[in-house]
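Me: I have just opened a structure that is new to me, and I would like to go through it slowly. Could you help me find my way around?

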Amino acid sequence: MLPLFLVVTALLTGCGQKEEEQHSPELLLGFSQLGTESAWRSGNTSDIEKKAAESGVSLMLEIANRKQEDQIAAIRRFIAYQVDVIAFSPIVEEGWDNVLLEAKEAGIPVILVDRDISTKSEGLISCHIGADFYNEGVMAGEYLIRKADSLEMDEVHIVEITGTEDSTPMRQRQAGFMDTISSDSRMQVVESVNGDFLKSRGAECMRYLMEKYGDDIDVVFSHNDEMTLGALPEIENAGAVPGKDIIIISIDGGQEAIDVLKEGKINCVVECTPMLGQELMDTAKKLKNGEEVEKVIHPNELFFSDEQDLSDLAPRGY
């Protein structure tokens, strides 16, 4: 399949000098999106496209279909095309040093969107724009402690469905959750399984967990809404009632998960907003102009739970 290039704002040709100046984009931004695996990811892509169009930015977009090698190839194409700024959402943390060194040698600043990378090299990344994944795990753990208190639970048996192995959200959400519940002697994580942030894998993982532990499961902590939504029918198929027999905690805050939360089948959803487009456009323009930018930019995020009245909650947009 040919690479996907979407140019949101094109350079105009055949016009007078003043018209060229008026319509020429402020910068050319190359963005490698890791995939289309969830409503969150699609919402993130749509927001970036929309904000690029509104900001006068020419966007060169490639979708990597969850393959690191495709993202590396896309970044090399951006370098060859001599874009002003490169941005990408890395599928995993390791394995980026060589291609990012090429971008640095070409004088092209690089922005991480959503996820982080692990590197020992200095100066490969100009900025990281994305959620505080560790704090998302903390908020999930704090909710669970409050919920266990309200139900007067003496023991809490937890199963965890994690995101893609070695990805930033998987590592940090797990760390934040575990650090938060570690001081509570009631909490016991009986097993963690890799759901890869996919709805189908969430279903497979939950089926396995219900067959293995059944009624012993008190809590499902799922690292994203897609896996949670895949898991719920498997809980019901095993004869349990999600949200009542088993406490369900999810992360993302997409519309479908919020609707299910209102139905009572999910107990808590921690927000991870995909609306990062405006921060990306503003930061990319600053970098092109040689301005200093914050190394890490976190959006403000909330959580939604059965502790709250959510009747007036605005549509999520993803």
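Reply: We can go through the cores, some helix pairs and a few single residues, keeping in mind that this is a predicted model.

Me: Let's start inside, then. Which residues touch the most other members in the largest nonpolar core?

Reply: Those are I161, M206, I217 and V220, in a core of 27 residues. The elements that contribute two or more residues to this core are β6 (156-162), α7 (199-213), α8 (225-237) and α9 (255-263).

Me: And is there a second core, or what else should I look at there?

Reply: A second core, separate from that one, has 23 residues, and among them are M139, L144, A148 and Y318. As a general point, nonpolar side chains in soluble globular proteins tend to be buried together.

Me: Back to M206, what is it in contact with, leaving aside neighbours within four places in sequence?

Reply: With those neighbours set aside, M206 is in contact with V159, I161, I217, V220, A231, E234 and I235.

Me: How do α7 and α8 lie relative to each other, oblique or parallel?

Reply: Their axes come within 7 Å and cross at roughly 40°, and since angles under 35 degrees count as roughly parallel, α7 and α8 are therefore oblique to each other. The crossing in which α7 passes α8 is right-handed.

Me: Which residues make that contact?

Reply: From α7 the contact takes K199, G202, A203, M206, R207 and M210, while α8 brings E226, M227, L229, G230, A231, E234 and I235. Sorted by class, the contact of α7 with α8 has 7 nonpolar, 2 polar and 4 charged residues.

Me: Okay, another pair. What about α3 and α4, at what angle do the axes cross?

Reply: The axes of helix α3 (residues 68-81) and helix α4 (residues 97-105) cross at roughly 10° and come within 10 Å, which makes α3 roughly parallel to α4. In this pair, I72, I75, R76 and I79 of α3 meet V99, E102 and A103 of α4, and the contact has 5 nonpolar, no polar and 2 charged residues.

Me: And α2 with α10, where do they touch?

Reply: The axes of helix α2 (residues 39-54) and helix α10 (residues 277-288) come within 8 Å and cross at roughly 45°, so α2 is oblique to α10. Their crossing is right-handed, and the contact is made by D47, I48, K51 and A52 of α2 together with G277, Q278, L280 and M281 of α10.

Me: Changing topic to loops: where is I117, and is it buried or exposed?

Reply: I117 is in the loop between β4 (110-113) and β5 (127-129), and it counts as buried because its relative accessibility is 10%, with the cut-off for buried being under 20%. Not counting residues up to four places away in sequence, I117 touches F88, P90, E93, W96, L100, L112, I125 and T168.

Me: What about odd backbone angles, which phi value does Q82 have?

Reply: Q82 has a positive phi of about 60° although it is not a glycine. Q82 is in the loop between α3 and β3 (85-88), and with a relative accessible area of 64% Q82 is exposed.

Me: Then D252, where is that one found?

Reply: D252 is found in strand β9 (residues 247-252), and its phi is near 145°, a positive value in a residue other than glycine. At 6% relative accessibility, D252 counts as buried.

Note on methods. Residues numbered from 1 in each chain as written. Predicted model: local features only at pLDDT ≥ 70, side-chain atom pairs only at ≥ 80, totals over all residues. Heavy atoms only, no water. Core = buried A, V, L, I, M, F, W, Y, C linked by side-chain atoms within 4.5 Å. Buried < 20%, exposed > 50% of the residue type's maximum accessible area, 1.4 Å probe, protein only. Helix = DSSP H or I, 4+ residues; strand = E, 2+ residues; numbered from the N terminus. Contact = heavy atoms within 4.5 Å. Axes fitted to C-alpha atoms, helices over the stretch in contact; angles between N-to-C directions. Parallel < 35°, antiparallel > 145°, perpendicular 65-115°, else oblique. Left-handed = near helix turned anticlockwise from the far one by under 90°. Nonpolar A, V, L, I, M, F, W, Y, C, P; charged D, E, K, R; others polar.
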